[in-house]
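Trainee: I should like a close look at a single part of this assembly, namely the surfaces that lie near the DNA strands. Could you describe them in detail and then set them within the rest of the model?

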There are 2 protein chains.
Amino acid sequence: MANAFVDKLSGYAALTADDRAALAKVCEGARPVAGRYDLIREGDKPGTVFILLEGWACRYKLLPEGGRQIMAVLMPGDFSDTHVAVLDEMDHSIATLTPARVASVQRAEMEALIASSMLITNAFWWSQLVDEGTLRAWIVSMGRRGSVERVAHLMCEIYVRAQHIGLVQGPQIEFPLTQIVLADALGLTPVHVNRVLRTLRMAGVVQIGRGTLTITDPDKLVQIAGFDDNYLHRRLKLAA
Amino acid sequence: MANAFVDKLSGYAALTADDRAALAKVCEGARPVAGRYDLIREGDKPGTVFILLEGWACRYKLLPEGGRQIMAVLMPGDFSDTHVAVLDEMDHSIATLTPARVASVQRAEMEALIASSMLITNAFWWSQLVDEGTLRAWIVSMGRRGSVERVAHLMCEIYVRAQHIGLVQGPQIEFPLTQIVLADALGLTPVHVNRVLRTLRMAGVVQIGRGTLTITDPDKLVQIAGFDDNYLHRRLKLAA
DNA sequence: CGCGTTTTTGAAGCCCCTCAAGTGTAGTGG
DNA sequence: CCACTACACTTGAGGGGCTTCAAAAACGCG
């Protein structure tokens with residue numbers, strides 16, 4: 001049975017069958033979760049590590065004035081920080097964006113898993129460095145890119161990450177992010193996101209609808225975004 | 001002899017004398033480095049871990065169009081990612097902002113250090129979670145805060161971090177960030193940073209000059225910034 | 001002292017926001 | 001089957017925050 005978590009980490013290290021089995025094992029207690037559900041909130045004591053096996057989620061923070069900033073989009077196979085348990089409280093919230101299937105792994109179990117094999121240890125390090133690289137790439141986007149480039153960059157990132165976990169066949173991918181979510185993620189207003197999407201559509205670069213994204217002109221999208229996938233550190237580069 | 005690296009990690013775990021000695025030992029080969037010097041560049045193969053013992057540095061990325069985005073400010077005691085060595089190449093650059101003293105630690109030595117004590121292991125985990133929280137806080141600033149709040153927020157962060165490593169006596173701290181560096185860090189232009197600083201000065205909140213920052217009205221600064229230090233996860237909260 | 005860099009100030013413009021209203025779509029219940 | 005609701009999407013008009021361009025003053029270092 002497909003396991004996005006195993007697949008993701010397999011992309012970061014040449015795991016053995018035993019390693020893969022160990023990774024799959026901690027996902028056994030996975031449960032279904034509704035969309036728009038807070039898995040954990042800022043201020044909560046972090047208990048378990050969440051592994052997202054199906055569906056999409058995000059990390060976010062609410063501001064006193066009521067706004068929301070999304071700081072990361074989590075896709076199938078992604079998980080919350082492996083060592084959060086050492087902290088007293090969460091400094092951000094994590095919520096599902098769509099209906100999802102989530103495994104909750106206890107701290108001790110997680111540490112045993114990571115220590116169980118050097119390959120697994122390395123895969124987790126790798127994954128964490130990619131997460132940090134992604135955070136940094138978001139900062140670059142927010143600080144130095146205009147709205148069109150910013151939207152285009154996020155689309156590129158999502159597409160490559162979807163590719164990495166085998167969710168891609170051709171130019172179309174699942175894309176369950178509403179314009180409101182995009183706005184919260186990109187530091188824009190929903191109104192402006194709407195106009196940007198129209199621009200990209202009119203330019204013949206992408207098509208969007210029904211929770212899907214179709215990239216009609218990949219080269220142009222990459223060019224608009226100024227996208228360089230180096231921060232995703234894909235060990236297995238795919239043919240273009 | 002004071003060692004900012006030891007002091008910083010001591011703030012995250014109740015280290016033993018042996019632990020502290022082990023941390024100090026890896027800093028022994030530290031060398032002086034000029035200001036504005038690239039310790040490592042995007043695209044380079046990551047070799048050693050850099051530990052910043054004195055002086056300030058930053059992580060940054062250059063954009064094709066020539067702009068620069070700073071994604072993190074490194075202060076004495078800070079260090080580059082402990083496990084970068086697993087990656088093939090750097091996805092960003094690190095440069096000093098001031099003359100500095102830097103130790104370069106080999107991958108094997110670093111791993112041995114981390115594994116040498118559970119307390120040290122925990123301190124590194126903690127530190128890394130703080131770094132990630134800081135990256136997320138920057139994203140929030142860039143996405144949802146206006147320029148005055150953004151500058152104020154960075155000042156709060158720097159002040160609290162300076163406090164954490166014992167660099168603070170009273171309302172004044174060392175602050176070697178030029179307005180150009182601030183602009184690169186905050187996603188603004190130097191011109192606008194200048195106007196923002198004037199605003200804050202006129203409001204009687206801060207004073208700046210000669211590489212120092214004096215916070216004349218801390219409460220107001222915190223209020224303007226909407227600053228909550230929870231993401232810095234200071235284990236040892238100081239009296240106000 | 002002289003030169004490069006940083007800081008400062010002004011004027012004009014654009015990008016994105018705010019406010020407002022209307023359309024479309026999915027789900028619910030009568 | 002349709003009324004009703006809740007949301008997401010769409011479009012328009014006007015304003016403001018930050019940028020761009022330009023240039024002068026102040027600082028720091030050889």
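Mentor: What follows takes the DNA surfaces one strand at a time and then turns to the protein chains around them. The model is predicted, and every value below should be read with that in mind.

The surface near DNA strand D comprises 16 residues, and those that come nearest are Thr178(A), Gln179(A), Gly146(B), Ser147(B) and His192(B). Both protein chains are thus named in that list, with Thr178 and Gln179 from chain A and Gly146, Ser147 and His192 from chain B. Three helices each supply at least two residues of this surface: helix H6 (179–186) and helix H7 (190–202) of chain A, and helix H7 (190–202) of chain B. The most is given by H7(A), with six residues. Sorted by class, the surface near strand D holds six nonpolar, seven polar and three charged residues.

Turning to DNA strand C, 15 residues surround it, and the nearest are Gly146(A), Ser147(A), His192(A), Thr178(B) and Gln179(B). Here the elements that give two or more residues are H7 of chain A together with helix H6 (179–186) and H7 of chain B. H7(B) provides the largest share of this surface, six residues. The classes divide into six nonpolar, seven polar and two charged residues.

Read side by side, the two lists of nearest residues can be set against each other. Thr178 and Gln179 come from chain A at strand D, and from chain B at strand C. Gly146, Ser147 and His192 come from chain B at strand D, and from chain A at strand C.

The protein chains also meet each other. In this interface, 33 residues of chain B are in contact with 33 residues of chain A. On the chain B side, strand E5 (68–74) and helix H4 (118–144) are the elements that give two or more residues. H4(B) accounts for the largest share of that side, 14 residues. The residues of this side of chain B divide into 15 nonpolar, 11 polar and seven charged.

Chain A may serve as the example for the fold. It has eight helices and 10 strands. Its radius of gyration is 18 Å, close to the 18 Å that the globule rule gives for 240 residues, so chain A is as compact as a globular protein of that length. Along the principal axes, the C-alpha atoms of chain A fill a box of roughly 50 × 45 × 30 Å. Buried residues make up 46% of the 240 residues in chain A. Of the contacts in chain A between residues at least 6 apart in sequence, 74% join residues at least 24 apart.

Within chain A, helix H4 (residues 118–144) packs against helix H3 (residues 107–115) at an angle of about 110°, with the axes 6 Å apart. This makes H3(A) roughly perpendicular to H4(A). Leu113(A), Ile114(A) and Ala115(A) of H3(A) make the contact with Ile120(A), Thr121(A) and Phe124(A) of H4(A). By class, five of these residues are nonpolar, one is polar and none is charged.

One residue of chain B completes the account. Ser10(B) lies in helix H1 (residues 4–10) of chain B, and it counts as buried because it has 20 C-beta neighbours inside 10 Å. Apart from its neighbours within four places in sequence, Ser10(B) is in contact with Leu15(B) and Arg20(B). Leu197(B) is 187 residues from Ser10(B) in sequence and 34 Å from it in space, C-alpha to C-alpha.

Notes:
Residues are numbered from 1 along each chain as its sequence is written. Chains are lettered from A and ligands numbered from 1 in the order in which they are written. This is a predicted model: local features need pLDDT of at least 70, side-chain atom pairs count only at pLDDT 80 or more; totals for chains, interfaces and linings use all residues. Two residues are in contact if their C-beta atoms, placed from the backbone, lie within 7 Å. Helices (H or I, at least four residues) and strands (E, at least two) are DSSP runs, numbered from the N terminus. Ala, Val, Leu, Ile, Met, Phe, Trp, Tyr, Cys and Pro count as nonpolar, Asp, Glu, Lys and Arg as charged, and the others, Gly among them, as polar. The radius of gyration is taken over C-alpha atoms; the globule rule is 2.2 Å times the number of residues to the power 0.38. A residue is buried if 20 or more other C-beta atoms lie within 10 Å of its own, exposed if 12 or fewer, and partly exposed in between; C-beta atoms are placed from the backbone. Axes are lines fitted to C-alpha atoms, for helices over the stretch in contact, and angles run from 0 to 180 degrees between N-to-C directions. Angles under 35 degrees count as roughly parallel, over 145 as roughly antiparallel, 65 to 115 as roughly perpendicular and the rest as oblique. A residue is near a molecule or strand if its C-beta atom, placed from the backbone, lies within 6 Å of it.
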